[in-house]
There are 2 protein chains.
Amino acid sequence: MRRWNGWGDESVAYALHDDALGFLAGRIGSGAPFADAPFDAACASLAPSRLQATGLPAHIALATDAPTRLRHALGQSLPDWLRLRYGRIGTAPDGVAFPESGEDVRILLDWAAARGVSLIAHGGGTSVAGHVTAQASPRPVLTVSLARLAGMLHLDREAQLATFGAGVFGPDLEAQLRAHGYVLGHYPQSFEYSTLGGWIATRSSGQQSLRYGRIEQLFAGGRVETPRGTLEIPPFPASAAGTDLREIVLGSEGRVGIITQATVRVTMAPEYEAFHAVFFASWADGARAARALAQSRPGLSLLRLSNPVETVTMLALAGHRRLVALLERWLRLRGCGDGKCMLLLGASGTRDGARAAMRTALGTCRQYRGVHVGRKLGEKWRQGRFRNVYLRNAAWQHGYAIDTVETAVDWPRVGATMDAVEAAAADALAQYGERVHAYTHLSHLYPQGASVYSTFVYRLAGDYEEDLARWRTLKNAVSQAIVASGGTISHQHGVGLDHAPWLEAEKGAGGMAAIRAVLRHFDPDGLLNPGKLVADGEAVR
Amino acid sequence: MRRWNGWGDESVAYALHDDALGFLAGRIGSGAPFADAPFDAACASLAPSRLQATGLPAHIALATDAPTRLRHALGQSLPDWLRLRYGRIGTAPDGVAFPESGEDVRILLDWAAARGVSLIAHGGGTSVAGHVTAQASPRPVLTVSLARLAGMLHLDREAQLATFGAGVFGPDLEAQLRAHGYVLGHYPQSFEYSTLGGWIATRSSGQQSLRYGRIEQLFAGGRVETPRGTLEIPPFPASAAGTDLREIVLGSEGRVGIITQATVRVTMAPEYEAFHAVFFASWADGARAARALAQSRPGLSLLRLSNPVETVTMLALAGHRRLVALLERWLRLRGCGDGKCMLLLGASGTRDGARAAMRTALGTCRQYRGVHVGRKLGEKWRQGRFRNVYLRNAAWQHGYAIDTVETAVDWPRVGATMDAVEAAAADALAQYGERVHAYTHLSHLYPQGASVYSTFVYRLAGDYEEDLARWRTLKNAVSQAIVASGGTISHQHGVGLDHAPWLEAEKGAGGMAAIRAVLRHFDPDGLLNPGKLVADGEAVR
């Protein structure tokens with residue numbers, strides 16, 4: 001069963017071995033574990049539902065019981081976790097509806113509009129920015145789960161287009177396509193529980209976007225139920241016919257309407273796939289090689305460069321102490337010592353094409369004195385690519401919080417942005433007398449720049465208010481650093497609640513006014529996911 | 001000097017040799033040439049300007065003389081040509097302003113808003129859909145030429161980003177980049193006279209978009225002066241921060257604001273480039289091969305498949321009768337007879353990479369019994385790629401009109417769309433007792449489908465009303481065929497005036513309302529390029 005107060009399935013445990021705990025203790029001190037609030041107590045804390053199904057057709061399930069409301073109340077942001085772990089749920093939706101068709105969603109929208117009920121679209125609830133979090137409101141709040149709109153509706157092999165219900169989870173989508181020999185190729189770290197509709201609504205990017213593109217490139221068309229009626233977007237290969245309506249849906253974060261189905265561009269399943277690791281003596285060498293690879297486009301499917309602290313951390317958490325020690329000794333002999341950085345390279349496609357791409361890429365790495373260590377570490381990364389998220393559960397059990405932020409900047413700003421974000425986090429926690437273990441990787445590489453993805457591990461205080469204050473101070477500091485560095489407030493997580501205050505820095509007053517005008521057009525009464533994306537919430541009117 | 005009533009520079013003549021004329025006469029009958037209206041008479045026909053520069057800073061040039069107004073009155077659509085050739089100009093702008101900076105454009109916008117003057121942004125005036133055509137209006141109309149905002153303002157080699165004034169012509173942009181070792185790689189057929197700002201405003205696509213992407217992918221950010229103030233869009237490599245403001249500017253066709261500068265993603269100039277030709281026995285074989293190439297993505301820069309009639313036409317117009325006859329005889333022996341289709345393939349990049357891509361691609365062609373004829377025809381196409389447009393001038397001199405339409409559809413619809421469009425054109429002109437020489441190519445190939453680009457050659461009547469009626473009947477018929485086939489009303493030319501009636505078929509009522517809401521937000525008084533993109537013009541309010 002899915003964890004109600006953490007990541008993933010209860011049956012999956014990610015153990016932090018003693019070496020790893022020793023490593024963290026050396027960096028930031030030992031954590032002090034504390035007990036989580038029990039599920040029943042959290043349920044009991046919810047205010048009574050203000051919703052009744054009056055007027056709603058009987059076939060549309062609307063749950064108002066506390067367990068269902070609790071399980072749909074929050075996402076995976078750190079403040080969401082604090083509320084769950086401490087049992088300080090506060091606001092929860094008044095109910096959860098489970099429509100089974102686009103028509104059901106249409107009915108729900110009309111029903112909600114007639115009654116002044118706010119609606120929060122809910123895919124997998126994996127948002128780390130507060131997208132699905134209900135906020136206190138005089139209006140009743142209904143969360144609309146897309147869980148029952150999850151099937152493949154159509155596959156056109158000739159056009160390589162597939163249509164799915166928007167609530168389909170990543171693994172189910174891929175499994176349905178793989179059965180026919182196709183893949184979508186969209187693998188965000190949240191893959192296990194995030195949904196197609198959620199990817200579109202938040203402009204998601206997958207780990208192999210270098211080959212498959214971001215969700216913007218994969219989303220060909222679809223259907224959206226809005227307060228103004230149904231938006232049906234045909235899947236043209238390309239068009240110059242004015243405004244691209246897909247772009248109004250992408251990144252709309254549930255405020256324009258509820259995506260009920262989407263048509264995506266699929267690809268033949270790769271015949272061959274390989275992940276290699278290369279080490280560089282320094283960040284400067286690694287970043288130069290990464291840029292050369294991104295700009296020369298040898299045709300890879302993955303590039304991922306860890307900075308020195310992340311490289312050390314990955315090796316420390318990997319287990320296999322003796323093997324890692326041997327590797328590090330060997331790398332040191334090849335010039336890759338303390339400041340070394342690991343680059344992962346992936347190639348996917350035909351056997352010949354992918355191998356040729358990897359050969360070309362490894363040749364480029366050699367020009368920057370990269371030390372190729374073969375496929376073992378790459379393969380290990382591939383196996384753990386969706387498991388790493390479970391580390392957050394394990395760290396919590398030992399009294400540690402893990403949070404991440406990410407941005408994208410042009411190449412000339414990459415290094416300075418990384419440094420500024422990590423320093424801002426350290427300064428923020430120093431105010432509480434705490435240290436942070438901060439590390440960074442470039443997760444998505446473009447000819448123009450890269451995403452800069454930083455992870456922060458720090459100790460929990462064991463007190464809700466204190467931990468919320470620590471998080472808020474850290475989040476403000478790193479967000480400020482991102483904006484001051486010229487980065488976007490999000491490259492792949494979206495805006496939600498947590499990034500909304502920083503949006504105007506990049507959109508400008510004119511851009512914000514335009515976004516508000518679009519939201520107001522589709523949702524004049526401000527019923528859809530209030531407060532997300534645009535900070536002033538229901539005051540969007 | 002640039003032609004005032006046709007395409008391109010007066011010094012460039014494209015001769016139609018006797019064989020070509022015989023070919024056309026056999027297809028649609030001999031044309032009957034007639035005299036063009038003289039420039040002076042066309043100037044004299046203009047109504048007096050209703051504009052005075054009162055209140056405008058002296059440094060901003062505002063021309064109200066008839067020659068300047070005439071030279072900016074119309075684009076390159078067929079109805080525009082009819083007006084020019086017959087001297088039936090009708091409405092022209094009341095003046096043409098030549099701002100020299102973004103600040104000048106800002107001043108012009110504010111000045112026009114205060115006086116209720118409509119503004120038409122003007123790049124190179126190459127629109128084939130009526131984008132720059134002034135319409136009769138109780139308000140004075142000012143065309144804003146971006147000709148003096150044409151320099152490269154910044155080149156960031158590390159980020160491969162270049163910023164230009166929006167009025168830069170294609171060749172000037174490429175020359176400035178080439179001097180530093182870079183290219184943008186955006187080559188629409190209008191390249192010689194179209195501008196960066198125009199490409200963005202109309203969602204242009206270049207001949208080598210397979211490698212470089214459409215303008216949507218190349219446009220990283222920029223500055224737009226709107227009635228609501230300045231929109232400044234930073235050039236992030238990618239972002240998930242809500243609505244992408246670039247997408248509000250792309251395809252806005254001068255109705256959201258005036259683009260004054262744009263930052264584009266550039267690429268190292270290719271070390272090597274080659275164009276090859278392959279013939280297929282039939283359209284079915286050629287289309288299957290083209291789809292296989294688009295879906296297997298060997299890394300080409302160009303794919304262009306001509307249907308049998310276009311293939312015959314290209315060979316007939318090429319000159320070199322004996323060489324062509326030899327080629328055709330040889331092709332016939334290899335199985336490519338009357339129904340043969342020519343596929344052009346281009347590869348660009350590093351010598352090794354481009355050659356490997358071409359090798360892979362030619363291997364795929366062999367699987368569909370493609371007959372490779374080497375580089376000569378490809379090279380000839382490359383040399384003539386921006387010269388073919390001049391054919392329109394030459395045909396006119398012999399009494400023939402040439403018009404084109406284009407769409408994009410999914411692979412399963414490609415063949416039927418092509419047939420429907422060509423048949424609709426034939427039926428339309430049959431109503432006038434005329435034949436049409438119609439031929440088609442797939443100009444841009446995607447894994448999901450292709451653009452379908454049809455050319456129509458037919459006889460002019462030598463009478464303005466009659467020729468306008470023929471064009472209108474033909475245009476309506478082919479547009480109806482496109483929409484009925486499930487195609488977008490434009491893959492690369494944009495909407496303008498001529499395609500506006502067909503936009504709702506693909507956007508739906510809800511989509512149209514959303515587009516109107518965006519226009520209304522930026523331009524509440526409807527001053528910007530009224531009537532374009534959205535059919536109801538100033539009634540957008």
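Here is a short look at how two chains pair up and where some charged side chains meet.

This is a predicted model, where local features need pLDDT of at least 70, side-chain atom pairs count only at pLDDT 80 or more, and totals for chains, interfaces and linings use all residues. Residues are numbered from 1 along each chain, chains are lettered from A, and side-chain values use heavy atoms, with hydrogens and water left out.

Let's start with the pair. Turn chain A by 180° with 0.0 Å of shift along the axis, and chain A lands on chain B with an RMSD of 0.0 Å (a least-squares fit on C-alpha atoms of residues with pLDDT of at least 70 in both copies). That is the relation of a two-fold axis. The copies meet through the same surface, because 100% of the interface residues of chain A are also interface residues in chain B (contact means heavy atoms within 4.5 Å).

Now the charges. Over all chains there are 43 salt bridges, each a side-chain nitrogen of Lys or Arg within 4 Å of a carboxyl oxygen of Asp or Glu. Among them are these:

| Salt bridge | N to O distance |
|---|---|
| Arg106(A) and Glu225(A) | 2.9 Å |
| Arg223(A) and Glu232(A) | 2.8 Å |
| Asp403(B) and Arg392(B) | 3.9 Å |

How exposed are they? Arg106(A) and Glu225(A) are both buried, and Asp403(B) and Arg392(B) are buried too. Buried means under 20% relative accessible area, exposed over 50%, and partly exposed in between, with a 1.4 Å probe and protein chains only. Arg223(A) counts as partly exposed because its relative accessibility is 24%, and Glu232(A), at 41%, is also partly exposed.
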